[in-house]
Amino acid sequence: MKSRLSFIVLLLTLLIAGLELYWGDAWKHEYLLWEFRIPRVIGALVGGSTLALSGVFLQTLFRNPLAGPFLIGISPGATLAMALGLFWAEQQWGWLLGTTEQILLALGGAFLALLLQLGLARKQSHPYQLLLVGMVLSFVFGAATDLLQNVASAERLKMFSLWSMGSFERVTLDSLPSIVGLFMGLLALALMISTRMDAYLLGDLYAQSGGLSLKKTRHWMIAGGAVGAAWMTAICGPISFIGLVAPHIARELLSSASHRKLILHSAVWGAFLATTADFLAHHLMQHQLLQVNAVSALIGGPILLWSLLKKS
């Protein structure tokens, strides 16, 4: 019965997406519809699912249901790399950062954060200790980003501030194929190694006794988790809580250890959270555009808190 809820949520997500496309008679204006509304709505649908898949990879990698792109430092690492590129490379050397350069910078920062986390995790054993290490890295990356903002020019600072708010409005018809392709690639990878992740979650000894290559499995999960979060951060800016909450909701509803089911249900909940946050950000207050990053936190935070209190 609980698993059917995801199907209802999928229908509700599509209803919200359709409502957004027709809101305010936008469908009557072809340019507005194709250049702005359709890329943003599809970007929210696919981007939310991508962040959810990234969260599945990371939570399985660390065997911790509280691991997410934000909490373990991946999104802050990507943000720091973007700040370095915008405030230093452009300002000092005159480099112009296009979409490709932004994605490469975000990927570099994300992988650096994840490798630091994994290196420090070797000396830790308890899941909550690993989570604390990630939170410390997030604070360090955030502090470094704040310091860079203090020496940036007003023009660069305004550009970075707008980007750091997080918004699916940055998705264009040109960048949309890369987001859809990324999601399809991550979904195929997740389904391909789902049985490996099932065995990995039971512990190293059990996985090795079944002939599983731990190193290879970890590498796949590292790549999936970091690439998904960094790519979306580069294009849309940091979007919080979706990568953490969507897999958490799916796991609670399914009460199953099967990653094949978890992957699909997490993608549905990720699309729902992102689409709902984007819709509320545009229509919750009249003539006022809210930050998707803030709205997603307001939605995801209480859900996660309720789940934790219910368990305790």
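Student: Before we start, what do buried, exposed and partly exposed mean here?

Tutor: Buried means a relative accessible area under 20%, exposed means over 50%, and partly exposed is what lies in between. Keep in mind as we go that this is a predicted model.

Student: OK, so is Phe241 buried, exposed or partly exposed?

Tutor: Phe241 has a relative accessibility of 29%, and therefore it counts as partly exposed. You will find Phe241 in the loop between H10 and H11.

Student: What about the phi of Phe241?

Tutor: The phi of Phe241 is near 75°, which is a positive value in a residue other than glycine. As background, most residues other than glycine have a negative phi.

Student: Which other residue that is not a glycine has a positive phi?

Tutor: Arg63 is one of them, with a positive phi of about 50°. Arg63 is found in the loop between H2 and H3, and with a relative accessible area of 29% it is partly exposed.

Student: And where does the charged end of Arg63 sit?

Tutor: The charged end of Arg63 sits over the ring of Tyr200, at 4.0 Å from the centre of that ring. Tyr200 belongs to helix H8, residues 194–201, where Ser194, Met197, Ala199 and Tyr200 are buried.

Student: What covers the buried residues of H8?

Tutor: The cover includes helix H2 (30–61), helix H7 (176–192), helix H9 (204–209), helix H10 (214–236) and H12. Just after H8 you also meet Gly203, which takes a positive phi of about 120°.

Student: Let's move to H11. How many of its residues are buried?

Tutor: In H11, 11 of the 13 residues are buried, so this helix is largely enclosed by the rest of the structure. Among the buried ones are Ile242, Gly243, Pro247, His248 and Leu254.

Student: What span should H11 have, and what span does it have in the model?

Tutor: At 1.5 Å a residue, the 13 residues of helix H11 (residues 242–254) should span 18 Å, and the end C-alpha atoms are 18 Å apart, so the two values agree. The expected value is 1.5 Å times one less than the number of residues. Just after H11, Ser255 takes a positive phi of about 50°.

Student: Could we pick one residue there, say Ala250? What does Ala250 touch?

Tutor: Ala250 lies in helix H11, and at 1% relative accessibility it counts as buried. If residues up to four places away in sequence are not counted, Ala250 touches Leu262, His265, Ser266 and Trp269.

Student: How far apart are Ala250 and Leu5, in sequence and in space?

Tutor: Ala250 and Leu5 are 245 residues apart in sequence, and from C-alpha to C-alpha they are 9.8 Å apart in space. For another pair, Gly228 and Ala154 are 74 residues apart in sequence and 31 Å apart in space, again from C-alpha to C-alpha.

Student: Where is Gly228, and what is it in contact with?

Tutor: Gly228 lies in helix H10, and its relative accessible area is 0%, so it is buried. Leaving aside neighbours within four places in sequence, Gly228 is in contact with Thr50, Ser54, Leu182, Leu186 and Ala223.

Student: Back to Trp269 for a second. How many aromatic pairs does a search of the whole structure find?

Tutor: A search of the whole structure finds 1 aromatic pair. Trp269 and Phe272 form that pair in an edge-to-face arrangement, with 5.8 Å from centre to centre and 90° between the planes. Both residues lie in helix H12 (residues 259–283), where they are 3 residues apart, about one turn of the helix, and both Trp269 and Phe272 are buried.

Student: New topic: how much space lies in the second largest pocket?

Tutor: About 300 Å³ of space lies in the second largest pocket. Of the 16 residues that line it, the closest to its centre are Phe70, Pro76, Ser138, Phe139 and Gly142.

Student: Which helix gives the largest share of that lining?

Tutor: H5 gives the largest share of the lining of the second largest pocket, with 8 residues. Helix H3 (74–93), helix H5 (127–150) and helix H6 (154–164) each supply at least two residues of that lining.

Student: And Ser138, is that buried or exposed?

Tutor: Ser138, which has its place in helix H5, is buried, with a relative accessible area of 14%. Apart from neighbours within four places in sequence, Ser138 is in contact with Phe70, Leu71, Ile72, Gly73 and Pro76.

Key
Residues are numbered from 1 along each chain as its sequence is written. This is a predicted model: local features need pLDDT of at least 70, side-chain atom pairs count only at pLDDT 80 or more; totals for chains, interfaces and linings use all residues. Side-chain values use heavy atoms; hydrogens and water are left out. Rings of Phe, Tyr and Trp (its six-membered ring) pair if their centres lie within 6.5 Å; planes under 30 degrees apart count as stacked, over 60 as edge-to-face and the rest as tilted. Helices (H or I, at least four residues) and strands (E, at least two) are DSSP runs, numbered from the N terminus. Buried means under 20% relative accessible area, exposed over 50%, partly exposed in between (1.4 Å probe, protein chains only). A charge sits over a ring if NZ of Lys or CZ of Arg is within 6 Å of the ring centre and within 35 degrees of the ring normal. Contact means heavy atoms within 4.5 Å. On a 1 Å grid over the protein atoms alone, a cavity is a set of points where a 1.4 Å probe fits but cannot get out, and a pocket is an open set with protein on both sides within 12 Å along at least five of seven lines; lining residues have an atom within 4 Å of a point. Grid points are joined across faces, edges and corners, and a volume is the space filled by probe spheres set on the points.
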